[in-house]
Structure formats: structure tokens, C-alpha cells
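Biologist: Could you take me through one part of this model up close? Pick a spot, start there, and then carry on to whatever else you can describe.

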Amino acid sequence: MSLLALRAQLFQAASAAAADPTPLAIPDPLVHFMNRTSFGIRESDYQRAGAMGYAAFVESQLLPSAANASVIEAAIATNLPSINMTGAQLYLAYPPSENKDFQALGELRAATLLRQVYSPNQLFEVMVEFWTNHFSIEHVHGYDRIAKTIDDQDMRKHALGKFKDLLNASARSPAMLFYLDNYVNVKTGAQENYSRELMELHTLGVDGGYTEGDVKEVARAFTGWSFNRTQISFLFSQRNHDSNEKTVLGKTLAKNRGMEDAQDVLDILAAHPSTAKLIASKLVRRFVSDTPPAALLDKLTALFLSSGGDITTMLRELFNSVDFIASADLKVKRPQEYVQSVLRVTDAKLSGATYTRALTAVYEGLGQTWCNWPAPNGYPDVASYWMNTTAWLGRWNFVFAALEGRLDRGIVIDALALTAGAKTPDAMVDKLSERLLRRKLSYADRAELVSNAANGSYLFGIETTQFHISLNRTQLTEPYHVIQFQQHEFPAS
């Protein structure tokens, strides 16, 4: 059977499966947790988690040790020097005037990829992506090509901390101040872009109880909030601040003050019940279902308020809830999450200087390049946006290309190793099911795969792609600058 004919056959079969999927076995709770809270289950992480058990492993992810990720962080520091620089160092080393800011952009994207693929602190990396998407900034937008690196450092500091700290860091972020135009927000002409998105997207939500008058008053409160371009740091200008009295959400801000006006606004918004509901709903949507269960949403909303917006406390409650344990197969991974999952579950080896360019082309083809959503509301987190026949085909083509070594010579997957030396069709299918799904196939799916293997029809391609259909059911589901890395290698676990 030709590869083209095989793909046509699988496309028809999977389209039918998407409409009326054959049930799979319910996954073990630990497998479900790892699958939902990571960028895919690496074999080494699976073995470690199994030895720890559900409760202990969840805690290890909620309270991650930086030492666990020391190997990948050391490699990033060596190969991607901009990632840990201060703002002043970054501006000097990657000056926009020489177009070197594109290099900083590429290095940040590469570091994000490597952390998502190789860090053992997977929940932490998922939450960094979650908050990066919540406080969405289009990375390719002018000054943000360089300033987003500092913004990323701040997101990583607070990803499992308090929401109010994330909110304060974002409000002072030169990348955000530039992206939403607050750097030109002055008393002689208030700019409302940031104030509107601050309430609609970052805190209260579109139905959170604020008015158009509140938008204008919050904009006045943030007059003078800007940044030092060469230091890539926050800067407040008292002479550009409107120091008259203001009223925000029914609360009066006295006249003759400075940056305290905006700080009071941030404190009000961080503690507001509507903010609690918005953050709770996004967390539940991310980890449980596209349609958040009302009882769990109410519980996390109350916990946000009682804990002062403590993210770890909310997640601990969520991951030990009945709704979470019962939510297998209720989420589909977005394109980047899916690509990273394939790399992780197959223990892909990345090396050389060009694999990031090849993967960026894959992300672009599937519709999700890191921090490249053109609007400030972030990439959608619901299956209805991402899944259609074109999306399915793009994902299958990626899997074929990855397994056949056609993406880039620096992306290597030892496909035969996934079968762990199995010799018979039954054993090979069972080994792949154990490794790729961590759960048993339905009787009908297993029988079809065994039959395909026995017939010798492009054996591994058939098996892998058929499993790919199941993976989509179960959530395993712009190269602006070519980064010339030092030669390095990130081995499989």
C-alpha cells in the first residue's frame, strides 16, 4: 500500500471515528493527571510518577524544585544567552537598531520549546503558558520582540504563586505597556486600550460589572505608567499623571497622588469577586472541560477569594476533585501542545542548529505559534476552534514526517524502540498501546491494528497513525530569524 493511499484510508476512518468514537478504557488517575497537566508523558517521568503515587506526584508538580530542571536550564543558559539577561543587558546585546531583536525573539521561542519538551516540572511549564496566554502579548509587535523576554521572566516568577503578583508584574511589564499603548497614556490625552483590556480580559471579564465610565477612570489612574526603553524596565512619570480625583467601581481615589492611583486599582481588581470567577473558570476550562462544571467553578471561585488568589491552593483543590478525575477525554490539545506531546511521548532527540525552524513551520501550519495571536484575548482553549478535517490532516502529516525523519535531521525518533522489542503483531500493538496511550484500546481498535500489523501494510506507519487517531480522542492529543545555536544535543530520557 502506498503512503498516499494509506493516508487517504486513515483520513476516512478517522473522520468516522471523530463522529462516533469507539470508547477507550478509562485511564488510570495518575495517567490522566500527567496527560492533562503536561506537554505529553515522557517515559522517564511516567516511571518516576508511578513510584511516587498520585498524591505525592501531584504535590511534586504543585511545589516544583528548580533543581529538577537544572540540566535543561543549564543547556538553555549556554545556548540561548538572552533568556536570563537583565533588561539593560538585553538591550545592549540585541539592539533593535541592528535588527538583533529578532534573534532575541527566536531565542525566547526556542527556550519555551525546550522547557516544554524537556523540563520535568511539567505543570509549572503548563502554567507559564497558561498565564502567558491570559496576559497575551503579540511577540512580533515592534519593541516586544525584545521586551517579551523580560515579561517571560516575570511570568515564570509567579506562575504558581498569587494572582495579584502576576497582575502587578503584567501591569508594570514594558512589553504589556508597549503592546496596549499605555506608554502614551498621559494626562493631556488618556489612552484607554490597557484599561479596557485590564478589566475585560485580565480581571473582571466582559460581564464583570464595570462600566464605560470605569474604563475612562482607570485609564486616568494609569496615566504616567511607562517604561525605560534602553533598560527595558518600568518607569512612572509624575508629570504625565492625572492627579485629580477619580472614582473606580464605586471607590474614590483621592486627588494629588501619583502611581498609588493605579496600584489601588490593581488591588481592587485582584480581590474582586468577578476576577475570582473569571480566573476560576479559565482554570477549570483548561484542566477539566470546555464547559466548566458549575459546582467546581463555584468552589474554586470561593477558594480564590479566601486564599487571596493563591494559584497553587486552587489547583490542589481542582486536581483532587471528582470533576477532574472524571474528565478524561473532555479536552483536546491545541496544536503546540500536541506537537510537544508527540516529541515527549516518543522520547525525541533534538540536536543541531535548525530544528527550531522546522518546528516553527509546523506550528505555523497548524495555526498556533507561541505568542503570535493577533488579539489581546489569547489563543482559544476550546476544541471547537481547533478541530476540523484540515486540522486532523495537518496533525497526521506532522506525525508521519516526524517518524520518517523528514522534519529536520536534528529531530530523531527511534520508532522501533517504542515497541520494546516486541516481535508478534499482538505484542507490538499492545506495547504501542501501553507506551503511547497508557491505557487499553477498545476490542475493535485493537483487532484492526493487529490485523494491519499481521498484513505487513507499512507496519509502523499504520500503527502509529492509527494510534494517532486514538491520541486525538484522548488529549495526547513565522521563522523570522534562523537561530544559529551552538551545536548541542538534548538526549531522550
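Modeller: Sure, let's start with the hairpin of β1 and β2: four residues sit between the strands, and Ile 232 has a positive phi near 50°. Keep in mind that this is a predicted model. The two strands, β1 at residues 225–228 and β2 at residues 233–236, run antiparallel and are joined by four bridges. If you want a pair to look at, take Trp 225, whose bridge partner in β2 is Phe 236.

From there, go back along the chain to helix α12, residues 193–202. Seven of its 10 residues are buried, so the helix is largely enclosed by the rest of the structure. The buried ones are Tyr 194, Ser 195, Glu 197, Leu 198, Met 199, Leu 201 and His 202. As for what they pack against, the list is α8, α10 (163–171), α11 (174–179), α13 (212–221), α14 (260–270) and α15 (273–287).

One of those neighbours, α8, takes us to the second largest cavity, where α8 gives the largest share of the lining, three residues. That cavity holds about 140 Å³ of space. It has 17 lining residues, and the closest to its centre are Glu 129, Asn 133, Trp 370, Cys 371 and Tyr 379. Besides α8 (122–134), α19 (335–345) also supplies at least two residues of the lining. By class, you'll find six nonpolar, eight polar and three charged residues around this cavity.

Technical notes
Residues are numbered from 1 along each chain as its sequence is written. This is a predicted model: local features need pLDDT of at least 70, side-chain atom pairs count only at pLDDT 80 or more; totals for chains, interfaces and linings use all residues. Side-chain values use heavy atoms; hydrogens and water are left out. On a 1 Å grid over the protein atoms alone, a cavity is a set of points where a 1.4 Å probe fits but cannot get out, and a pocket is an open set with protein on both sides within 12 Å along at least five of seven lines; lining residues have an atom within 4 Å of a point. Grid points are joined across faces, edges and corners, and a volume is the space filled by probe spheres set on the points. Ala, Val, Leu, Ile, Met, Phe, Trp, Tyr, Cys and Pro count as nonpolar, Asp, Glu, Lys and Arg as charged, and the others, Gly among them, as polar. Two strands pair if DSSP finds at least two bridges between them. Buried means under 20% relative accessible area, exposed over 50%, partly exposed in between (1.4 Å probe, protein chains only). Contact means heavy atoms within 4.5 Å.
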